[in-house]
Amino acid sequence: MNDSSWGSPPGAGPHAGYWGPTDQGPVQGAAPAGPAYDAPEAQQTRPMPIVPDVPAYGGDQDDDQGAARLSGPLFRDEPFPDDTFRDEMFRDETTSAQSRAAAPQTQNPEPMPDAPQPAPAPQKKSAGRDLGAAIGVGVGLGVVIVASLFVVKAVFVGVIAVAVVVGLWELTSRLEERKGIKAPLVPLAVGGAAMVVAGYVREAEGAWVAMALTALAVLVWRMTEPPEGYLKDVTAGVFAAFYVPFLATFVAMMLTAEDGPQRVLTFLLLTVVSDTGAYAVGWRFGKHKLAPRISPGKTREGLLGAVSFAMVAGALCMQFLIDDGTWWQGLLLGLAVAASATLGDLGESMIKRDLGIKDMGTLLPGHGGIMDRLDSLLPTAPVVWLLLVLFVGSG
């Protein structure tokens with residue numbers, strides 16, 4: 001920076017550097033006191049910046065030079081006249097800044113509770129259903145099944161057919177209510193009952209033929225209505241025909257053997273014992289979820305309980321109920337039943353979760369609907385039928 005821009009030009013008078021007026025008037029070449037000073041004959045130099053008027057602590061003039069000048073900490077380092085006042089001022093500002101920084105920054109502080117809230121009492125683990133009603137209904141169904149099974153085989157076939165028709169009604173009703181899918185119930189009910197009877201009379205061959213005819217009847221029956229939704233309706237109908245009556249025909253085929261009632265009883269006992277073991281062990285010791293996205297109530301501990309209970313029951317049933325059966329075959333049979341029953345239960349849980357419902361119906365107090373009891377029985381029936389055929393023959 002050029003020094004002449006801030007001082008007086010050479011040859012100026014004794015008041016060189018004076019920024020205000022003197023007794024002799026403005027000095028040629030001196031810097032004007034402010035923007036209002038306008039001397040046409042003044043020597044023009046670089047324009048002075050406008051300096052704010054800051055109060056000075058050290059006075060307005062320099063006694064040694066006799067010229068007034070701006071003073072204060074803004075322009076030069078000089079102590080305050082009163083160091084005690086300065087120190088206290090800075091200390092107060094520093095303390096206030098530190099206090100603001102240390103204070104917690106909360107926009108909406110929550111009010112303090114008037115008194116500490118007591119901890120909630122631990123809730124007792126619940127089974128989730130009315131156990132009294134569930135046990136009563138289960139015992140009643142067991143009596144009907146056993147009585148029809150060992151008195152007249154044809155009566156038990158009728159029991160299977162009724163269960164199939166009710167199950168189809170529940171399934172198709174829920175599909176229409178929750179998804180708007182109208183699977184034709186009439187051909188499904190007639191074809192399902194015929195499928196069970198054909199399986200008992202003609203065994204596997206009759207079951208397959210009845211299944212094909214039922215599917216064809218579903219396709220034709222649905223043609224009597226508008227074409228909108230035809231594909232999803234007939235697809236759901238064929239699925240329902242396979243899922244409920246076709247799988248149930250394997251129970252009727254077990255019954256055709258000489259020891260058919262014992263085979264059906266073994267099938268029913270192993271499935272019920274597997275479900276009971278899973279329920280009891282899982283309710284008491286279950287901690288690790290088996291399939292939380294499908295059925296949050298099922299645990300790995302419950303699965304181990306199902307396997308253990310079913311294997312023990314299978315060994316006993318094969319040894320004492322099935323002709324020419326052995327205990328080790330029962331162990332394998334029980335393991336297979338535990339796996340198929342669990343998968344069947346998860347499969348229907350997947351269907352119910354997709355439909356957004358807890359139970360398929362309310363016909364059986366404490367159990368839900370018929371389909372809620374057939375969920376593990378239906379996929380287990382072909383497994384038990386096949387293993388019994390392999391172990392002891394078709395009889």
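# Exercises on a predicted model

The chain has an average pLDDT of 78, and 66% of the residues score at least 70. Here pLDDT is the predictor's confidence in each residue, from 0 to 100. This is a predicted model: local features need pLDDT of at least 70, side-chain atom pairs count only at pLDDT 80 or more, and totals for chains, interfaces and linings use all residues. Residues are numbered from 1 along each chain as its sequence is written, and side-chain values use heavy atoms, with hydrogens and water left out.

## Exercise 1: confidence

Find where in the chain confidence is lowest and where it is highest.

Solution. Start with the elements: helices (H or I, at least four residues) and strands (E, at least two) are DSSP runs, numbered from the N terminus. Strand E2 (residues 67-68) is lowest, at a mean of 40. H5 is highest, at 97. Next, look at residues 2-45: the pLDDT is below 50 there, and this stretch has 30 contacts in the model beyond near neighbours in sequence. A contact means heavy atoms within 4.5 Å. Over residues 54-87 pLDDT also stays under 50, with 24 contacts beyond four places in sequence. Where pLDDT is low, the predicted coordinates should not be read in detail.

## Exercise 2: proline 245

Place proline 245 in its helix. Is proline 245 buried or exposed?

Solution. Proline 245 sits in helix H5 (residues 230-255). Its relative accessible area is 1%. Proline 245 is therefore buried (under 20% relative accessible area; exposed is over 50%, partly exposed in between; 1.4 Å probe, protein chains only). Now list its partners: not counting residues up to four places away in sequence, proline 245 touches Val164, Leu168, Gly192, Met195, Val196 and Ala240. Last, take alanine 161, 84 residues apart from proline 245 along the chain: their C-alpha atoms are separated by 8.0 Å.

## Exercise 3: the hairpin and threonine 299

Work out how E3 and E4 pair, then describe the setting of threonine 299.

Solution. Strand E3 (residues 289-291) pairs with E4 in the antiparallel sense, over two bridges. Two strands pair if DSSP finds at least two bridges between them. Three residues lie between E3 and E4 in this hairpin. Alanine 291 faces serine 295 in E4. Threonine 299 belongs to strand E4 (residues 295-299). Threonine 299 counts as buried because its relative accessibility is 7%. Leaving aside neighbours within four places in sequence, its contacts include Gly282, Gly286 and Leu290. The threonine 299 side chain also reaches the backbone nitrogen of glycine 302 at 3.0 Å.

Notes:
Polar contact = N/O pair within 3.5 Å; in protein donor to acceptor, adjacent residues only side chain to side chain.
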